[in-house]
Amino acid sequence: MMNTLTKIIATSVLTLSAIGMANAATEYVAADDYMTSKLCVAATEGSKLKLSKAIEKTGLSKRFIVENVTCNNQEMTSFVEQHGTNVDNINNYLTAGKYSQNQETIASL
């Protein structure tokens, strides 16, 4: 009886631990020291303040970033859509409010 109870408790703890790890947010880390890689990571974090500071450090304009920077071979806004948090706010910040999830390209900026 004690063995069965111990097995049930152990199984429950392991199951709950696995669920907790599965729900943990994915954290992106820049694979290199390129400023563009750091921008991609900052964009996925969902903080306009962090992204703004990262952009400021590069000296690039938001328009240039949206039109020219790719993250894992994706346009910046598409990458944020797929991997980021606070997607609408971040992409609207990058595109000066011209972001739409149905939008194919941001060339009209």
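At what angle do α2 and α5 pack, and how far apart are their axes?

1. In this predicted model, the axes of α2 and α5 lie 9 Å apart, and the two helices pack at an angle of about 45 degrees. Angles that are not roughly parallel, antiparallel or perpendicular count as oblique, and α2 and α5 are therefore oblique to each other. The crossing in which α2 passes α5 is right-handed. On the α2 side the contact is made by L39, C40, A43 and T44, while α5 contributes M76, F79, V80 and H83.

2. M76 deserves a separate look, since M76 belongs to helix α5, which spans residues 76-83. Its relative accessibility is 1%, and because buried means under 20%, M76 counts as buried. Leaving aside neighbours within four places in sequence, M76 is in contact with L39, C40 and A43, and also with I65, V69, C71 and L94. As for L94, which is 18 residues from M76 along the chain, the C-alpha atoms of the two residues are separated by 9.0 Å.

3. The contacts of M76 include both C40 and C71, and these two cysteines are joined by a disulfide with an S to S distance of 1.9 Å. The bond links distant parts of the chain, with C40 in helix α2 (residues 35-44) and C71 in strand β1 (residues 70-71), 31 residues apart. The torsion about the S-S bond is about -85 degrees, so the disulfide is left-handed. Both C40 and C71 are buried, and a search of the whole structure finds one disulfide.

4. A further point concerns T58, which lies in helix α3, a helix covering residues 48-58. Is T58 buried or exposed? With a relative accessibility of 15%, T58 counts as buried, because the cut-off for that class is under 20%. A polar atom of the T58 side chain lies 2.6 Å from the backbone oxygen of I55. Apart from neighbours within four places in sequence, T58 is in contact with M35, L39 and I65.

5. Two residues tie these points together. L39 is among the α2 residues that make the contact with α5, and L39 is also in contact with T58 and with M76. I65 likewise is in contact with T58 and with M76. A reader checking the model by eye could follow L39 from α2 to M76 of α5, and then turn to C40, which takes part both in that helix contact and in the disulfide with C71.

How values were computed:
Residues numbered from 1 in each chain as written. Predicted model: local features only at pLDDT ≥ 70, side-chain atom pairs only at ≥ 80, totals over all residues. Heavy atoms only, no water. Helix = DSSP H or I, 4+ residues; strand = E, 2+ residues; numbered from the N terminus. Buried < 20%, exposed > 50% of the residue type's maximum accessible area, 1.4 Å probe, protein only. Contact = heavy atoms within 4.5 Å. Polar contact = N/O pair within 3.5 Å; in protein donor to acceptor, adjacent residues only side chain to side chain. Disulfide = S-S within 2.5 Å. Axes fitted to C-alpha atoms, helices over the stretch in contact; angles between N-to-C directions. Parallel < 35°, antiparallel > 145°, perpendicular 65-115°, else oblique. Left-handed = near helix turned anticlockwise from the far one by under 90°.
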